[in-house]
Every structure is written in C-alpha cells, then in structure tokens.
Amino acid sequence: MQSIDDLANVITELEPSEQQALLDKVAQLNFQKGLHELAEKFRARLAREGLLNAPSEQVWAELHRIRQQIAEHDYPA
Amino acid sequence: MTIPPERWLLDTNVWVFGLRRDKAFPACAQLLDRVGSFSVVIPLQVLKELNLALTEDEMRDFYRLINQNSEFIELSWQPATIERVKFYEELGCRKGDAVIAAHAEALGIGFLVSENRQFLQTLKGLPVEIVTAGEAQIRLATTLS
C-alpha cells in the first residue's frame with residue numbers, strides 16, 4: 001500500500017484531464033460505497049421485519065399505496 | 001468535478017428495488033451502481049415516497065450521500081403545479097404518476113427511469129421518455145461507448 005504522499009506524487013504527475021477523471025472516479029466510487037452501505041442497512045432492517053423476501057407484488061402494492069396517499073394529500077380532488 | 005451530461009429522474013420503484021437488491025428487478029441495483037456516470041434529479045414526490053419507504057435513520061444516510069455528491073445528484077423541493085398534474089391525469093396517468101410526469105416536465109428531464117408498466121404505456125409519445133432500468137443501462141452503454 002502506497003503512502004498518501006506517494007499517491008499524491010503519482011497523481012501530480014498526471015495530466016490535468018487525467019487528474020479530473022481520477023477525482024470524478026473517486027467521487028463516484030465513494031457514492032457507490034455509501035449507497036451499498038445504505039442498501040445493506042435497509043436490507044438488514046427488512047430482514048428483521050420479515051419483509052426482505054416479500055413478493056414483488058407486495059412491494060409494488062405498497063409503493064402504489066404510498067404514491068397515491070401522498071398525491072391525494074397534496075392534490076386533493 | 002466534471003458534471004455528467006445525462007440528467008435522469010429515477011422513479012421511487014427504481015430506488016426501492018435497487019436498494020432492496022430485489023431479484024425480480026436486478027437492473028435497478030445495477031443502474032444505481034452507475035449513478036455518477038449520469039446525473040440524477042430527485043423530485044419532491046419521490047423524496048416524500050422514499051421518506052415513507054425508508055426509516056428516519058436510513059433517510060439521514062441518504063441525504064448525507066446526496067449532499068456529499070451534489071455534482072451528480074440533486075434534490076428538487078419544488079412542488080409540481082396542479083395544472084400539469086391534471087394534464088397528465090387527463091392523459092390517463094393515475095394521480096401519483098401524473099405528479100412524477102409533471103415534475104419531469106418542470107425540471108426539463110428528458111429521461112425517466114421506472115419499472116411501472118402502466119406508467120410506461122400511458123406516456124408514450126411525449127417529450128419525457130420513460131424506460132425501464134434495463135433499457136436505461138443499454139442507453140448508458142451506448143452513450144459512454
């Protein structure tokens with residue numbers, strides 16, 4: 001494993017466009033890491049609640065219910 | 001940060017099936033894994049729905065992620081106008097779907113990703129193109145190649 005200083009030296013040797021591409025990639029990977037952690041937390045909670053393996057139809061029904069509930073509240077007929 | 005050129009709206013079902021890693025909708029998780037190579041806008045209706053689907057703690061993590069990556073993921077707190085919601089209802093959308101379509105129009109979104117089949121079929125031929133997560137991945141592969 002390279003030290004931070006070594007890595008910084010390698011990065012400063014890159015062209016500006018390559019540095020930007022690297023920063024973009026790091027940002028994207030950090031986001032993905034956070035999203036994976038959130039997914040694991042979500043799945044663990046669903047498993048505790050016995051909902052992780054719920055059929056898709058059940059998930060759909062809940063999503064439709066939530067959507068209509070919010071829309072009916074915000075845009076009453 | 002270089003802002004990705006494509007700006008997409010991911011419907012709530014894409015977020016939920018993706019985060020669940022639902023086996024019936026594997027493309028949703030795969031598409032979430034590509035966020036950053038395209039930009040995402042999350043409109044108010046989707047935020048409200050996620051707020052009910054996720055716990056307070058999970059939403060806090062979600063907001064933190066968004067705030068840390070505002071270059072390619074943004075929130076829109078602007079409500080959809082009632083006139084445009086009615087417009088999409090008259091086209092055959094259910095009210096909730098009409099709100100999403102109105103958001104997409106107001107935000108200038110050309111590309112809406114949803115697994116909602118009724119939604120997909122109702123809004124054919126409009127400026128807002130609605131595709132499944134699988135189709136979005138194909139588009140992404142084409143765009144980036």
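Which residues does V14(B) touch, not counting residues up to four places away in sequence? This close-up of a predicted model gives the answer: C28(B), L31(B), V113(B), S114(B), E115(B) and A133(B).

**View 1. V14(B) sits among the best-connected residues of the largest nonpolar core.** That core has 48 residues. Along with V14(B), the ones with the most contacts inside it are C28(B), A101(B) and V113(B). Helix α6 of chain B, residues 95–106, gives the most to this core, with 6 residues. Two of these names come back from the opening question: C28(B) and V113(B) are both touched by V14(B).

**View 2. Here chain B meets chain A.** Chain B brings 35 residues to the contact, and chain A brings 27. On the chain B side, the elements giving two or more residues are α1 (12–20), α3 (44–53), α4 (56–68), α5 (82–90) and α6. Sort that side by class and you get 15 nonpolar, 9 polar and 11 charged residues.

**View 3. Now for a helix from each chain: α3(A) and α3(B) cross.** Helix α3 of chain A covers residues 56–74, and its axis comes within 10 Å of the axis of α3(B). The two cross at roughly 125 degrees, so they count as oblique to each other. The crossing is right-handed.

**View 4. Zoom in on the residues where α3(A) and α3(B) meet.** From α3(A) come I66(A), R67(A) and I70(A). Facing them in α3(B) are Q45(B), K48(B), E49(B), L52(B) and A53(B). By class, this helix-to-helix contact has 4 nonpolar, 1 polar and 3 charged residues.

Methods: Residues numbered from 1 in each chain as written. Chains lettered and ligands numbered in written order. Predicted model: local features only at pLDDT ≥ 70, side-chain atom pairs only at ≥ 80, totals over all residues. Core = buried A, V, L, I, M, F, W, Y, C linked by C-beta atoms within 7 Å. Buried ≥ 20, exposed ≤ 12 C-beta atoms within 10 Å, placed from the backbone. Helix = DSSP H or I, 4+ residues; strand = E, 2+ residues; numbered from the N terminus. Contact = placed C-beta atoms within 7 Å. Nonpolar A, V, L, I, M, F, W, Y, C, P; charged D, E, K, R; others polar. Axes fitted to C-alpha atoms, helices over the stretch in contact; angles between N-to-C directions. Parallel < 35°, antiparallel > 145°, perpendicular 65-115°, else oblique. Left-handed = near helix turned anticlockwise from the far one by under 90°.
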